[in-house]
Amino acid sequence: MSCLDSELYQEIRKCARCGYCREKDENEICPVRSIIGFESSYARGKLHLARLCLEENTLHITPKIIKKFYLCALCGNCFKHCPLSINTPRIINELRHRFLQDYNPLHDPNIIKNLVSNLCHNPTIINDFIAKKGNIGPRLYQLKKNNEEYLFFSGCMSESNKKSLESILKIFNYLDFKVNELKQQAGCCGMPLLEFGNKDFLLSKLSVNMNVFKKIGTKKIIVNCPGCLYAFKEFYNTEPGILDFIHLTEFLNDNLGTFDMKKGIQATYHDPCLLGRYLGNYEAPRQLLLKMGFALKEMPRSKDESFCCGGGTLSIMYPDISREMSKSRVKEAKITGSSLLLTSCPLCKRNLAGAGEVGIEIMEITDLLAGMLRRGETRTGFPVVMNPEIKIKQIEERSVKNVIIG
Ligand code: SF4
Ligand code: SF4
């Protein structure tokens, strides 16, 4: 079958070039275009390029052209605004996969250099990416309380940040769950390489991890990283009812009581693209923050209109553009006047914090929550007192005066 008969080409051809994926009410839709401004940087231009690439003899496909398909955060905002529901991020990812033979970013020394500097705190991850060993170190923890049983899949991002992982385990303890690290080894979910276009890597991980999950037998699996969660829900969970993958914020929102804080510190929340636009989880993190006693002030662009922080493949392929995106997102958070910018994705947190903006505290919700718990306190032990380790004093000073914590 020729490329021109393919479902992919037919979807690309649907583009009416209307430009709804460019701006809405004078606001940029595409975070990449908001930084570099070219026609080729947002969905309409990319679809045009994609069409030329597939129409034989129209364009000589060089690595330089293929790299333009990596100039996309796969954030999904263009898809959300397209009146014809053209799924540009899916198309872009499919093209990355098709062109992997002609240009593989993981064989490009410059990209490897960025990858290493991006992940230098975790040599296991680097080794796996480069040597394709297949195990980048996520661990499995079993949680038990009475008849309740869960499995926690740590993911490489939380696993590579010791403090962040400790926060999560501390919260499980606080909720009276007995936590056991299991001997069984899980592998990478496959999502990082899927974003590079390597679908085969994800599929190879799928059967290995599914076998591990099934052998352990726990049906409810808690996941912190929205990337892992998306991979599990979208690609792994092919047999409905066998396994139930849930985001950590959903689990915590269901299990945590309401904190007795007399007046909430104002905080704003950044929706990770994969947790929000891709998986539709907007409420659990917000409800959780309200339960913790924070007053939530939304950014001008939030929920399904949220603006990407520039994480993922883009931060490795185009670190400077990614950094500008993070800076612009943190500036947007500062406009709310909040002293805290919270998120529920370890990668977003790292990216936003890496923007180097001062004047706002950037944290994962779980780091904040763990800092609020007294050591050894059970959930019946309210009220909760803030722990100095989260620098609450500094947060208060930047926040509204006279904040009283119960
Ligand atoms: S909004 Fe959809 S149809 Fe319109 S230019 Fe963008 S991708 Fe094409
Ligand atoms: S997925 Fe996001 S970054 Fe990529 S073209 Fe669409 S709006 Fe731009």
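## Worked exercises on a predicted model

**Exercise 1. Which residues of H10 are buried?**

Helix H10 buries Ser164, Leu165, Ser167, Ile168, Ile171, Phe172 and Tyr174. Keep in mind that we're working with a predicted model here. A residue goes in the buried group if 20 or more other C-beta atoms lie within 10 Å of its own.

**Exercise 2. Check what span helix H10 should have, and look at what follows the helix.**

Step one: H10 covers residues 162-174, which is 13 residues. Step two: the expected span is 1.5 Å times one less than the number of residues, so H10 should span 18 Å. Step three: the C-alpha atoms at the ends of H10 are 18 Å apart, in agreement with that. After the helix, have a look at Asp176: its phi is positive, near 70°.

**Exercise 3. Describe the surroundings of ligand 1.**

Start with the count: 14 residues surround ligand 1. Cys15, Cys18, Tyr20, Cys21 and Cys82 are the closest. Next, sort the shell by class, and you get 10 nonpolar, 2 polar and 2 charged residues. Finally, ask which element gives the most: that's helix H3 (residues 43-54), with 3 residues.

**Exercise 4. Now do the same for ligand 2.**

Ligand 2 has 16 residues around it, and Cys30, Cys72, Ala73, Cys75 and Cys78 come nearest. Two or more residues of this shell come from each of helix H2 (31-36), H3, helix H5 (77-81) and helix H6 (88-98). Split by class, the shell holds 12 nonpolar, 3 polar and 1 charged residues.

**Exercise 5. Work out the strand order in the sheet that contains E8, and say why E9 and E11 each have a side without a neighbour.**

First, the order: the 4 strands run E9-E8-E10-E11 in an open sheet, with parallel pairing. Then the edges: E9 (295-296) and E11 (361-364) each have a single partner strand, so one side of each has no neighbour in the sheet. Now zoom in on one pair: E8 (residues 266-270) and E10 (residues 340-343) are joined in the parallel sense over 4 bridges. Within this sheet, Ala267 is opposite Leu340 in E10.

Last, add the helices. H19 (residues 346-353) packs on the sheet, where it touches E8, E10 and E11, and its direction is at about 165° to that of E11. H16 (residues 283-291) lies across E8, E9 and E10 and runs at about 165° to E8.

**Exercise 6. How many helices and strands does the protein have, and what share of its residues is buried?**

Tally the secondary structure and you get 21 helices and 11 strands. Of the 406 residues, 45% are buried.

Terms used. Residues are numbered from 1 along each chain as its sequence is written. Chains are lettered from A and ligands numbered from 1 in the order in which they are written. This is a predicted model: local features need pLDDT of at least 70, side-chain atom pairs count only at pLDDT 80 or more; totals for chains, interfaces and linings use all residues. A residue is buried if 20 or more other C-beta atoms lie within 10 Å of its own, exposed if 12 or fewer, and partly exposed in between; C-beta atoms are placed from the backbone. A residue is near a molecule or strand if its C-beta atom, placed from the backbone, lies within 6 Å of it. Ala, Val, Leu, Ile, Met, Phe, Trp, Tyr, Cys and Pro count as nonpolar, Asp, Glu, Lys and Arg as charged, and the others, Gly among them, as polar. Two strands pair if DSSP finds at least two bridges between them. Two residues are in contact if their C-beta atoms, placed from the backbone, lie within 7 Å. Axes are lines fitted to C-alpha atoms, for helices over the stretch in contact, and angles run from 0 to 180 degrees between N-to-C directions.
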